[in-house]
Amino acid sequence: EVLDKLQEKHREVEERHIAEERDRERSHQEGIEEQEARSRKVVETLQEGHKELVRLQQRGHEQAVGELQTAHEEALSRAEKENVDLKSIIEADEGQLDALRGEVRDRDRLLGERDGKLAKALE
């Protein structure tokens, strides 16, 4: 009977020991799972942050390209306007130059006629 009681006590101690070991293992496993969950959350947060950064960089790039394109178009527009203005100025100058050439031809003709009359008068 004493032996039975000792064996019973021994089994109870072993069962308690096994239960405590299972509790430690379960607790350890839960800790590992919690750490993995936190790690996954950190990775997800980093990935989302990276995606947002890439999106912002792309938006910034697109905005910069848009601004450059707008500036280029404005510069082209100004150049075309200035070119049109220059063309009209050049055309006006050419018109004035043609008028002056005509006046010079007329004066040369008149001077030639005068010279001819003077030459006849001197003869």
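1. Let's start with the charges. In this predicted model, the chain carries 23 positive and 34 negative charges, and the mean positions of the two sets are 4 Å apart.

2. Next, the overall fold. The chain has one helix and zero strands. Its radius of gyration is 52 Å, well over the 14 Å that the globule rule gives for 123 residues, so the chain is more spread out than a compact globule. The C-alpha trace tells a matching story in its dimensions, with spans of about 175 × 15 × 5 Å along the principal axes.

3. Now for burial and surface. Just 1% of the 123 residues count as buried. The accessible surface of the chain adds up to about 11,500 Å², and carbon and sulfur atoms account for 55% of that area.

4. Glu25 is a handy residue to look up in your viewer. Glu25 sits in helix H1, which covers residues 2–122. Is Glu25 buried, partly exposed or exposed? With a relative accessibility of 48%, Glu25 counts as partly exposed, because the exposed class begins over 50%. For a sense of distance, try Glu25 and Arg55: they are 30 residues apart in sequence, and their C-alpha atoms are 44 Å apart in space.

5. Finally, a nonpolar spot worth a glance. Which residues form a nonpolar patch on the surface? Leu86, Ile89 and Ile90 do, and together they have about 280 Å² of accessible area. Of these, Leu86 is found in helix H1, the helix that also holds Glu25.

Note on methods. Residues are numbered from 1 along each chain as its sequence is written. This is a predicted model: local features need pLDDT of at least 70, side-chain atom pairs count only at pLDDT 80 or more; totals for chains, interfaces and linings use all residues. Side-chain values use heavy atoms; hydrogens and water are left out. Helices (H or I, at least four residues) and strands (E, at least two) are DSSP runs, numbered from the N terminus. Buried means under 20% relative accessible area, exposed over 50%, partly exposed in between (1.4 Å probe, protein chains only). Patches are made of residues with over 30% relative accessible area and no salt bridge: like charges are joined within 9 Å, nonpolar side chains (Val, Leu, Ile, Met, Phe, Trp, Tyr) within 5 Å. Accessible areas come from the Shrake-Rupley method with a 1.4 Å probe; for residues, only the protein chains shown count as cover. A salt bridge is a side-chain nitrogen of Lys or Arg within 4 Å of a carboxyl oxygen of Asp or Glu. The radius of gyration is taken over C-alpha atoms; the globule rule is 2.2 Å times the number of residues to the power 0.38. Lys and Arg count as positive and Asp and Glu as negative; His and the chain ends are not counted. The place of a charge is taken as NZ of Lys, CZ of Arg, CG of Asp or CD of Glu.
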